[in-house]
Each structure stands twice: as structure tokens, then as C-alpha cells.
Amino acid sequence: MRLQNAYDHRLRLRVHGGDIDVAHMLGVPRTTISSWKHRPAKRVITTVDPARDEIDFLRTELASAKRQLAVLRAWLRIAIVMFRILGVSFKQDRLPEGDAKIRLIRAINRSKTTIPLTAILKAIGLSPARFHAWQHKQVCGIAGGLTDRNSCPRTKSTQLTSAEISIIRDMVTSEDYRHVTTKGLSQLAMRLNTVYASAGVWYRLIKIHQWRRPRTRIYPAKPKIGIRAVKPNEIWHVDMTIIRLLDGTKLYLSGVIDNYSRRIVVWKL
């Protein structure tokens, strides 16, 4: 008759907490450990000192926390290496407009309660001045406040706001104004009391943002191939050229050209 091994209930609790190394050291079979992990822990009434059970519980929690910390460190190491391999740098690259910067700011604000803000910004390569500028623009509450261009109240009398630049972009790329020149668009915007900027500013913004004006044809394309003959002497063309001599007199050169061979049939001066 085969005898069944009996183990202490505290060992089963430690396995449930994730501390499997102790069970391996005591020689517990892998199948038994697997069954402990998949079955709920049984409630055991014992006369052991409760303080000792609490110490065992704390040891189990500490082992589980250490294992989770090791996993997080491994993932963080992989993320940092990939971040550096891809060459992402806030000094040269720009985040896309929208909620990308909002998500990044929220993540930094949640993490700075545990990690110092300077350490977070140094790890991702973001300067503190730029981060605080993003937060200031978000507080302004203006649409597009987290774009790379300042959208908060203007600091110079001649500085265009993001709303004015958006109006210029819409007018430049609109199909309704494709027949109007860029200079005409600047004058039209002034008459409409929307944007007060010179034509040079419009040209500069178009060059910086690489906006393309619609150039679709209003009229149908004209045929580029004219009349074609299928045999010689079927179609002739008559042409005349004026030749001015040095003494001021004019000579008229008339010629007849065959459409098929493109040769001069007859000419007269």
C-alpha cells in the first residue's frame, strides 16, 4: 500500500502566494505544486501562534512583491532599450496633434507621485521647460493648446494665433478659392475681418507647412494631337513666314506642307 505524503498547510499557503522555490527545496513534487496552485486553499484551524502565521504571510507577500518587481524591471529594461534604438528624441521629433500629449502629461503626473519628476523627464528625454509649457498650454483651455505652436493669448501684437493660422490653412486649401491668388486671399481675409496679415506672411506659412493649393482644371483638357493623314497628299497645310532684311524690307515666304510626310511640297518667296 502506497503511503500519501502530508505537508504543512503553511507551505501550501506560500505556494499560493507565489513562493514555489521553498516547495522545490523541500522536495515537493511538481504535480503536487501544480495542484496546490489550481485548487483553493483550505481553511485550517491550528493552535500555532498567530504571530508566526502573520510572519509567514508577510514573507509570502514579500516574495510575491519581489517577483512582480523583477517582472516590471525586465519590461522597463526592454522598453528603454527599444526607446533608444528607435531614436525617439523630443529635441528633434514632434508628437502628433491631438490627445498624444495629453496622455503623456497624464502618465507623467500619475508617475511623479512615486518617481521624482526630474528622473522621469530625464529618462524620456523631455526638458522640464517644455513639459511645464505643455501643462501651461493645457490650462489655457484653448482648442489646439497642445500643438507645438503657442495658442494661449498672444505675447506680441504681430503674432498670429493658432485660430488665425487655421483660417489661413482652410482658405489656402479650400476648393472654393482655387481661382484666387495667394495675395488675393490675404486681401480677402482682411475684408472679411478674419485675419490681418500681409501676403508675405501667407507665402511664408504655405512654405513652412507645405500646404498645397487645389489646381484641378475647370475646363476639359484640350486634345494635343491634331489632324493626322493616313496617306500622302491627303491633307496639305499652308503656312506663311515674314522675313525682315537689314535694309528694312520684308519678304513673305509661303509654303505648302504635306500632313503625312511633313515635307514641303512647294514654296514661294
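Tutor: A residue counts as buried when its relative accessible area is under 20%, as exposed when that area is over 50%, and as partly exposed in between. The model we are looking at is predicted, and of the 269 residues of its protein chain, 22% count as buried. The chain has 10 helices and three strands, and from the N terminus on these elements run α-α-α-α-α-α-α-α-α-α-β-β-β.

Student: What makes alanine 199 count as buried?

Tutor: Its relative accessibility is 17%, and the limit for a buried residue is under 20%, so alanine 199 counts as buried. Alanine 199 is found in helix H10, and once residues up to four places away in sequence are set aside, it touches Lys183 and Ser186. From alanine 199 to leucine 185 the separation is 14 residues in sequence and 8.1 Å in space, taken from C-alpha to C-alpha.

Student: Why is asparagine 193 called exposed or buried?

Tutor: Asparagine 193 has a relative accessibility of 54%, and exposed begins over 50%, so asparagine 193 is called exposed. It is found in the loop between H9 and H10, and its phi is positive, about 60°, although it is not a glycine.

Student: How do you know which class asparagine 233 belongs to?

Tutor: The reasoning rests on 53% relative accessibility, which is over the 50% limit, and therefore asparagine 233 counts as exposed. Asparagine 233 lies in the loop between H10 and strand E1 (236–244), and it has a positive phi of about 60° although it is not a glycine.

Student: What makes the pair of aspartate 170 and arginine 169 a salt bridge?

Tutor: A salt bridge needs a side-chain nitrogen of Lys or Arg within 4 Å of a carboxyl oxygen of Asp or Glu. For aspartate 170 and arginine 169 the closest N and O atoms are 3.7 Å apart, and because this value is within 4 Å, the pair is called a salt bridge. In general, side chains of opposite charge can pair when their charged atoms come close.

Student: How many salt bridges are there in the whole structure?

Tutor: A search of the whole structure finds two. One of them joins arginine 178 to glutamate 175, with the closest N and O atoms 3.3 Å apart, and because that distance is also within 4 Å, the definition is met.

Student: How do you know whether the residues of these salt bridges are buried, partly exposed or exposed?

Tutor: Take each value against the limits of 20% and 50%. Aspartate 170 has a relative accessible area of 44% and arginine 169 has 36%, while arginine 178 has 28% and glutamate 175 has 45%. Each value lies between the limits, so each of these residues is called partly exposed.

Student: What makes a group of residues a nonpolar core?

Tutor: The members must be buried, must belong to a set of residue types that includes Leu, Ile, Val and Trp, and must be joined through side-chain atoms within 4.5 Å. The largest such core here has 15 residues, and those with the most contacts inside it are Leu160, Ile168, Val172, Trp202 and Trp211. Helix H8 (162–172), helix H9 (182–191) and helix H10 (199–209) each supply at least two residues of this core, and H8 gives the most, with four. Apart from it lies another core, of seven residues, among them Ile105, Leu121, Leu126 and Phe131.

Student: Which residues does valine 172 touch?

Tutor: Leaving out residues up to four places away in sequence, valine 172 touches Leu185, Trp202, Ile206, Trp211, Arg213 and Pro214.

Student: Why are H8 and H10 described as roughly parallel, roughly perpendicular or oblique to each other?

Tutor: Two packed helices are described by the angle between their axes and the distance between the axes. The axes of H8 and H10 come within 11 Å and cross at roughly 80°. Angles from 65 to 115 degrees count as roughly perpendicular, and therefore H8 and H10 are called roughly perpendicular to each other. Ile165, Ile168, Met171 and Val172 of H8 make the contact with Trp202, Leu205, Ile206 and His209 of H10. By class, this contact has seven nonpolar residues, one polar residue and no charged residues.

Student: What covers the buried residues of H9?

Tutor: The buried residues of H9 are Thr182, Gly184, Leu185, Ser186, Leu188 and Ala189, and what covers them includes H8 and H10.

Note on methods:
Residues numbered from 1 in each chain as written. Predicted model: local features only at pLDDT ≥ 70, side-chain atom pairs only at ≥ 80, totals over all residues. Heavy atoms only, no water. Buried < 20%, exposed > 50% of the residue type's maximum accessible area, 1.4 Å probe, protein only. Contact = heavy atoms within 4.5 Å. Axes fitted to C-alpha atoms, helices over the stretch in contact; angles between N-to-C directions. Parallel < 35°, antiparallel > 145°, perpendicular 65-115°, else oblique. Nonpolar A, V, L, I, M, F, W, Y, C, P; charged D, E, K, R; others polar.
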